[in-house]
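Please open the structure in your viewer and keep the sequence panel visible beside it. The tour below goes from one selection to the next and says what is there at each stop.

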Amino acid sequence: TTGSDPSLSPDSQDPCQDDAKDSESANVSDKEVGSNENDDQNLGAKRRGPRTTIKAKQLETLKAAFAATPKPTRHIREQLAQETGLNMRVIQ
């Protein structure tokens, strides 16, 4: 009679327990992944510096220089940085 009663057979109880364990571990791993994504986004925001505002006069100087030479040499970029007061990285 124990083999015909599904509530007493060990096979029918084990899958239910395994399913519960699987769903719990899935929930934990989802939470861990979500927190890691947020950490990466926060670190990306921390690494960036402030935005550079380019004024009209600086923009005109840059447009003229890049119109003459679309790929200026380092020397030309250094001159542009001095003339405009912008950082070399901004010029680049």
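Begin with the whole chain in cartoon view, where the secondary structure comes to four helices and zero strands, helices being DSSP runs of H or I with at least four residues and strands being runs of E with at least two, both numbered from the N terminus. Read along the sequence, the pattern is α-α-α-α. This is a predicted model, in which local features need pLDDT of at least 70 and side-chain atom pairs count only at pLDDT 80 or more, while totals for chains, interfaces and linings use all residues. Residues are numbered from 1 along each chain as its sequence is written, and side-chain values use heavy atoms, with hydrogens and water left out.

Now switch on the surface of the chain, whose accessible area comes to about 8000 Å², with 51% belonging to carbon and sulfur atoms; such areas come from the Shrake-Rupley method with a 1.4 Å probe, and for residues only the protein chains shown count as cover. Of the 92 residues of the chain, 12% count as buried, a word that means under 20% relative accessible area, whereas exposed means over 50% and partly exposed lies in between (1.4 Å probe, protein chains only).

**First stop: helix H3**

Select residues 74-84, which form helix H3, and colour Arg77, Leu80, Ala81 and Thr84, which are buried. Because these residues cover an arc of only 100° around the axis, they lie on the same side of H3; the arc is that of the directions from the helix axis to the C-beta atoms. On the face turned away from this buried side, you will find the exposed residues His75, Gln82 and Glu83. What covers the buried residues of H3? The cover includes helix H2 (56-68) and helix H4 (88-91).

While H3 is still selected, show the side chains of Arg74 and Glu78, which meet in a salt bridge at 3.3 Å, N to O. A salt bridge here is a side-chain nitrogen of Lys or Arg within 4 Å of a carboxyl oxygen of Asp or Glu, and by this rule the count comes to one. Arg74 and Glu78 are four residues apart in helix H3, so about one helical turn separates them. Arg74 is exposed, with a relative accessible area of 59%, and Glu78 is partly exposed, at 32%.

**Second stop: the nonpolar core**

Next, select Leu62, Ala65, Leu80, Ala81, Leu86 and Ile91, the six residues that make up the largest nonpolar core. Such a core is a set of buried Ala, Val, Leu, Ile, Met, Phe, Trp, Tyr and Cys residues joined through side-chain atoms within 4.5 Å. The elements giving two or more residues to this core are H2 and H3. Centre the view on Ala81, which, leaving out residues up to four places away in sequence, touches Leu86, Met88 and Ile91; contact means heavy atoms within 4.5 Å.

**Third stop: Thr84 and Gln58**

Move along helix H3 to Thr84, which counts as buried at 9% relative accessibility. Its side chain reaches the backbone oxygen of Leu80 at 2.7 Å, and a polar atom of that side chain lies 3.3 Å from the backbone nitrogen of Leu86. These are polar contacts, meaning pairs of N or O atoms within 3.5 Å; within protein, one atom must be able to donate a hydrogen and the other to accept it, and residues adjacent in sequence count only if both atoms are side-chain atoms. Just after H3, Gly85 takes a positive phi of about 80°.

Finally, select Gln58 in helix H2, which is buried, with a relative accessible area of 13%. Which residues does Gln58 contact, leaving aside its neighbours within four places in sequence? They are Thr53, Thr84 and Leu86. A polar atom of the Gln58 side chain lies 2.7 Å from the backbone oxygen of Thr84, and the side chain of Gln58 also reaches the backbone nitrogen of Lys55 at 2.9 Å.
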